[in-house]
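This report goes from the chain as a whole to one of its sheets. Please keep the sequence and the model in view while reading.

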Amino acid sequence: MKVLILEDEALSAKRASQLLREFDPDIEVLDTLESIEEAVSWLSKNPEPDLLLLDIHLSDGLCFRLFERLPVKCPVIFTTAYDQYALQAFKLNSIDYLLKPLDKTELQNALIKYRNLNESRGGISLADIRRIEENMLSFSKKYKHRFLVKYADTILYKNIDEVAYFYADDKVVYLVTSEGRKYLVDYNLESLEELLDPHLFFRINRKIIARIQSIQKVKALLSSRLQVFLKPPFEQNTYVSRERSPEFKIWLDN
């Protein structure tokens with residue numbers, strides 16, 4: 001069995017590879033990729049694997065975009081740290097969905113299931129993916145209410161009503177509280193967009209996701225951009241692009 005892994009967390013990818021080989025030493029892990037773009041490039045240049053082990057949240061967005069970019073005919077096992085209700089949605093569609101960290105027995109059962117698939121079964125169609133997404137929404141549109149954060153060698157949690165905004169500094173993302181305290185979180189901004197209530201949070205630009213209560217004032221600029229003043233203040237000037245400004249105004253008015 002030849003398996004391609006799409007996983008943007010190094011430790012999760014390593015564990016997946018180990019569990020696959022424990023199940024069957026003859027399993028060949030063809031490659032480990034971190035993004036949709038890498039997957040599109042790889043699948044365009046190489047024969048399809050026998051199985052795709054695919055994390056829902058990749059470094060450049062949700063994995064479902066992959067199926068819109070090109071046809072994927074091989075079976076897929078989805079993995080994620082997503083809400084438990086989504087698990088039911090995937091089971092309804094007979095597509096395996098495993099919560100992280102991966103459990104050895106659950107992964108083995110999924111591998112046995114896929115080995116027993118009828119070869120006449122086609123790949124996962126775009127219609128399948130649409131149904132999965134719709135079921136995910138209907139079962140699991142529960143947004144996060146708290147986040148684990150790191151402070152020195154201590155792990156704490158912060159309730160969502162304590163959050164002012166999230167910001168990215170290179171590949172590191174911080175949670176900033178309404179009191180101005182800053183903590184590391186183990187999410188990228190793309191993942192946070194999916195986990196946060198869009199009525200309360202808005203992706204202002206590529207660096208910041210802000211909570212509505214943190215918007216102190218907004219200034220219209222001649223370039224049709226908007227300058228946003230946050231509380232507590234952010235260390236750099238914060239702008240909404242001209243393209244996103246109309247959407248931002250609608251969000252403020254809801």
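## Contacts along the chain

Among the contacts in the protein chain with a separation of 6 or more, 55% are between residues 24 or more positions apart. The model is a predicted one.

## Overall make-up

The protein chain has 254 residues, and 44% of them are buried. Its secondary structure consists of eight helices and 17 strands.

The protein chain has an accessible surface of about 14300 Å². Carbon and sulfur atoms contribute 48% of that surface.

## A five-stranded open sheet

Five strands make up an open sheet, and their pairing is parallel. Read across the sheet, the order is β2-β1-β3-β6-β7.

The edges are held by β2, residues 28–33, and β7, residues 97–99. Each of these two strands has a single partner strand, so one side of each has no neighbour in the sheet. From one strand to the next, the twist averages 20°.

## Strands β1 and β2 with helix α2

Strand β1 covers residues 2–6 and pairs with β2 in the parallel sense, over five bridges. Within this pair, Ile5 lies opposite Thr32 of β2.

Helix α2, made of residues 36–45, packs on the sheet and touches both β1 and β2. The direction of helix α2 makes about 140° with the direction of β2. Strand β2 is thus described by two features: it is an edge strand with β1 next to it in the sheet order, and it is touched by helix α2.

Technical notes
Residues are numbered from 1 along each chain as its sequence is written. This is a predicted model: local features need pLDDT of at least 70, side-chain atom pairs count only at pLDDT 80 or more; totals for chains, interfaces and linings use all residues. Side-chain values use heavy atoms; hydrogens and water are left out. Helices (H or I, at least four residues) and strands (E, at least two) are DSSP runs, numbered from the N terminus. Buried means under 20% relative accessible area, exposed over 50%, partly exposed in between (1.4 Å probe, protein chains only). Contact means heavy atoms within 4.5 Å. Accessible areas come from the Shrake-Rupley method with a 1.4 Å probe; for residues, only the protein chains shown count as cover. Two strands pair if DSSP finds at least two bridges between them. Axes are lines fitted to C-alpha atoms, for helices over the stretch in contact, and angles run from 0 to 180 degrees between N-to-C directions.
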